[in-house]
Amino acid sequence: MIQYSLHCAKGHQYDAWFKSAAAYDEQAARGIVTCAVCGDGEVSKAPMAPAVARTDGERIALSSAHPDAQKFREMLREYRAKVTSQADYVGDKFAEEARKIHFEEVEARGIYGEATRDEVVALVEEGIDFLPLPDLADDN
Ligand SMILES: [Zn+2]
């Protein structure tokens, strides 16, 4: 999975996820990447924020501190607390359980847990909806 910051000819800026850099290039070449705000078809990648390369060569988007960063962290912390208090922890069985819920093999319920990168890619390909759970360094 790769996250790009995109902007359209009218100046709207938003983030979008793609399976890979190649998937983005292919969709962009086919003209099917459109602005999430106005639907404009003239979308291009925004200049990248400073990124740190991980060992596998994947880059993660970062930004320097913003005055609202602390507020945002609080929101994430609250969100995480809400999810973890209301959902079932399924550990490394997240992909398996999310799939069962998606295909209605079990009753729908909130779950959270961990998945490998491969499992995450597979879930996305299967059209299963999920969100990353923020992991805050100073959580404890
Ligand atoms: Zn737009």
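The following paragraphs explain the zinc site of this chain and the confidence of the model around it.

The structure is a predicted model, in which local features need pLDDT of at least 70 and side-chain atom pairs count only at pLDDT 80 or more, while totals for chains, interfaces and linings use all residues. Residues are numbered from 1 along each chain as its sequence is written, and side-chain values use heavy atoms, with hydrogens and water left out. The chain has a mean pLDDT (the predictor's confidence in each residue, from 0 to 100) of 82, and 88% of its residues reach 70 or more. Among the elements, which are DSSP runs numbered from the N terminus (helices: H or I, at least four residues; strands: E, at least two), helix H3 (residues 94–102) has the highest mean pLDDT, 94, and strand S4 (residues 51–53) the lowest, 47. Where pLDDT is low, the predicted coordinates should not be read in detail.

The zinc ion is held by donors (N, O and S atoms within 2.8 Å of the metal, or 3.2 Å for Na, K and Ca; water is not among the atoms, so sites may look incomplete). These donors are Cys 8 (SG), His 12 (ND1), Cys 35 (SG) and Cys 38 (SG), at 2.0 to 2.3 Å. Because the four donor atoms subtend angles of 105 to 118° around the zinc ion, the arrangement is tetrahedral (four donors with all angles between 85 and 135 degrees). The donor residues follow the spacing C-x3-H-x22-C-x2-C in sequence. Cys 8 in strand S1 (residues 2–8) and Cys 38 in the loop between helix H1 (21–29) and strand S3 (43–45) are 30 residues apart, and this pair links distant parts of the chain.

Cys 8 is buried (under 20% relative accessible area; exposed is over 50%, partly exposed in between, with a 1.4 Å probe and protein chains only), at 3%. Cys 35 is also buried, at 4%, whereas Cys 38 is partly exposed, at 34%.

Terms used
Four donors count as tetrahedral if all angles lie between 85 and 135 degrees; four count as square planar and six as octahedral if opposite donors are over 155 degrees apart and all others between 65 and 115; anything else is irregular.
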